[in-house]
2 protein chains.
Amino acid sequence: MSHTVGIRQAQKQKTRQALLDAALHLLEEQSLSSLGLREVTRAVGVAPTAFYRHFPSTADLGVALVEEALGSLHPMIRTTVSTAGDSRQRIDRAIELIARHVAAYPAHVRFIARERHGGVQPVREAIRDQLARFAEEVRTELAEDPVSTDWNDDDLLMLAHLYVDQMLSTASLFLETLDAPEEERIRAADLARRQLRLISIGRRHWHD
Amino acid sequence: MSHTVGIRQAQKQKTRQALLDAALHLLEEQSLSSLGLREVTRAVGVAPTAFYRHFPSTADLGVALVEEALGSLHPMIRTTVSTAGDSRQRIDRAIELIARHVAAYPAHVRFIARERHGGVQPVREAIRDQLARFAEEVRTELAEDPVSTDWNDDDLLMLAHLYVDQMLSTASLFLETLDAPEEERIRAADLARRQLRLISIGRRHWHD
DNA sequence: CCATACAGTTAACAACTGTTCTCTGGAATT
DNA sequence: AATTCCAGAGAACAGTTGTTAACTGTATGG
């Protein structure tokens with residue numbers, strides 16, 4: 001049991017990543033349920049049968065993509081709904097973070113938005129589970145905010161889900177306006193900002 | 001130019017509808033981008049080539065399905081965000097309407113949720129356009145509410161989009177819990193109700 | 001009553017799909 | 001140095017796909 005990777009395993013992970021990358025690229029203009037195994041291997045330049053060395057089926061490839069797209073996002077959550085600064089600053093920071101992420105990983109965002117309600121059950125479930133984890137994390141973050149002192153856990157989770165949904169909706173909106181003129185992108189950011197503001201107002205007056 | 005339908009056209013529309021129904025059924029466990037033309041005709045019991053008498057491609061079939069799923073929904077919008085009753089009654093009525101609709105047309109709801117961000121561009125655009133129309137209608141309805149006297153059109157449209165998104169999100173949640181035990185369905189309805197309540201609170205305190 | 005229009009059929013096309021089995025070259029282990 | 005392991009290749013399988021062309025029967029309009 002050596003802790004060195006070895007040429008063998010290194011090469012394997014390399015082609016595995018190549019398969020993931022190629023699939024993500026192909027999925028920009030189709031859904032996972034229509035993605036062919038041969039289509040992916042052809043794009044990578046390996047034999048169709050090599051696919052099975054890495055994934056039992058394209059559905060498992062999809063689950064791996066969910067991990068890649070959302071797994072590394074958990075650290076970002078804490079800063080997104082961080083308690084630092086006043087309400088306006090927090091909203092601006094969140095919008096900025098989402099916009100940057102969409103610009104940096106558009107294919108990831110598209111994949112999640114597309115397959116969240118897509119035709120492949122295991123992938124839907126993987127996304128649902130990850131989003132539920134996000135909601136939990138957002139809840140614990142919200143609980144530390146002095147605004148939420150008299151909130152019960154159920155209401156906090158309700159608000160957390162609302163925020164997570166809003167984040168995804170905003171990310172999807174930003175994705176659509178990625179190639180649009182700057183004016184439209186500003187309008188989109190403005191819309192998202194005001195929606196977040198309305199939610200945060202509702203939050204402040206929840207117990208009236 | 002007769003106003004009588006004629007045996008011929010009647011039969012044509014009958015098979016056309018059969019194609020739409022079969023497609024909708026098949027789309028419950030896959031996405032439109034993987035729906036085969038032959039698959040649909042086989043389900044209806046008609047030759048593959050007959051498909052072309054009704055739709056140039058499966059994408060056009062999808063656009064027709066958008067029309068069927070959302071086109072008939074516009075009348076419902078007015079009553080959903082109607083101004084009658086107090087806030088709690090309005091929310092209860094909206095949730096009830098959504099729940100009924102999801103139970104009555106689950107395949108329609110699933111199709112819209114799935115293809116809204118799906119892999120077929122013309123269908124995405126058709127859904128986006130219809131939802132934009134919904135938002136416009138919601139806005140004019142909201143404008144008549146005395147709560148919105150000092151709201152500008154831009155903010156009203158922002159709120160309308162938030163409501164439309166929330167409706168879809170709620171419908172999708174209800175769809176997932178359709179076959180779940182009643183306890184979970186009640187929890188889902190409760191969550192949706194509180195989220196709507198938070199938004200409506202934010203709305204009331206928008207200009208503070 | 002007859003000519004036309006046309007929804008649906010049949011047959012054939014090349015291209016594609018997922019999956020199995022057998023094989024090979026080189027890294028890993030002993 | 002000899003042996004095992006295993007990522008990937010290659011070939012073949014039975015089925016599938018979208019699209020074309022030429023057809024048939026029947027409702028429709030003159």
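**Close-up 1. DNA strand D and the parts of it that meet the protein.** Of the atoms of DNA strand D that lie within 4 Å of the protein in this predicted model, 46% belong to sugar or phosphate, while the rest belong to bases. The strand is surrounded by 19 residues, and those that come nearest are A:R8, A:A47, A:H54, B:I7 and B:R38. Sorted by class, the surface near DNA strand D is made up of six nonpolar, six polar and seven charged residues.

**Close-up 2. Polar pairs at DNA strand D.** On the base side, an N or O atom in the side chain of A:R8 is 2.3 Å from a base oxygen of DNA strand D. On the phosphate side, a phosphate oxygen of the strand lies 2.6 Å from a backbone N or O atom of B:I7, and a polar side-chain atom of B:Y52 lies 2.7 Å from a phosphate oxygen of DNA strand D. The elements that give two or more residues to the surface near this strand are α1 (6-26) of chain A, together with α1 (7-26) and α2 (37-44) of chain B.

**Close-up 3. DNA strand C and its surroundings.** Around DNA strand C there are 19 residues, the closest of which are A:L37, A:R38, B:R8, B:A47 and B:R53. Of the atoms of DNA strand C within 4 Å of the protein, 46% belong to sugar or phosphate and the rest to bases, and the surface near the strand has, by class, six nonpolar, six polar and seven charged residues. A polar backbone atom of A:I7 is 2.9 Å from a phosphate oxygen of the strand, and a backbone N or O atom of A:R8 lies 3.1 Å from a phosphate oxygen of DNA strand C. At a base, by contrast, an N or O atom in the side chain of B:R53 is 2.4 Å from a base oxygen of DNA strand C. Two or more residues of the surface near this strand come from each of α1 and α2 (37-44) of chain A and α1 of chain B.

**Close-up 4. The relation between chain A and chain B.** Chain B is superposed on chain A by a rotation of 180 degrees with 0.0 Å of shift along its axis, and the RMSD is 0.0 Å. The two copies are therefore related as by a two-fold rotation axis. In chain B, the C-alpha nearest the axis is that of B:G202, which is 1.8 Å from it. The same surface serves both copies, since 100% of the contact residues of chain B recur in chain A.

**Close-up 5. The interface between the two protein chains.** Here 37 residues of chain B are in contact with 37 residues of chain A, and the area buried between the chains is about 3,100 Å², of which carbon and sulfur atoms give 55%. B:H117, B:L198 and B:W206 supply 21% of the area that chain B buries against chain A, which is more than any other three residues supply.

**Close-up 6. Salt bridges and helices at the interface.** Between chain B and chain A the count is six salt bridges, and in one of these, the side chains of A:D154 and B:R187 meet with an N to O distance of 3.6 Å. At least two residues of the side of chain B that touches chain A come from each of α6 (106-115), α7 (121-143), α8 (153-176) and α9 (182-204) of chain B. Of the elements there, α8(B) gives the most, with eleven residues.

Notes:
Residues are numbered from 1 along each chain as its sequence is written. Chains are lettered from A and ligands numbered from 1 in the order in which they are written. This is a predicted model: local features need pLDDT of at least 70, side-chain atom pairs count only at pLDDT 80 or more; totals for chains, interfaces and linings use all residues. Side-chain values use heavy atoms; hydrogens and water are left out. A residue is near a molecule or strand if one of its heavy atoms lies within 4 Å of it. A polar contact is a pair of N or O atoms within 3.5 Å; within protein, one must be able to donate a hydrogen and the other to accept it, and residues adjacent in sequence count only if both atoms are side-chain atoms. Helices (H or I, at least four residues) and strands (E, at least two) are DSSP runs, numbered from the N terminus. Ala, Val, Leu, Ile, Met, Phe, Trp, Tyr, Cys and Pro count as nonpolar, Asp, Glu, Lys and Arg as charged, and the others, Gly among them, as polar. Copies are superposed by least squares on the C-alpha atoms of residues with pLDDT of at least 70 in both. Contact means heavy atoms within 4.5 Å. Buried area is the accessible area (1.4 Å probe) that two parts lose on being put together, summed over both. A salt bridge is a side-chain nitrogen of Lys or Arg within 4 Å of a carboxyl oxygen of Asp or Glu.
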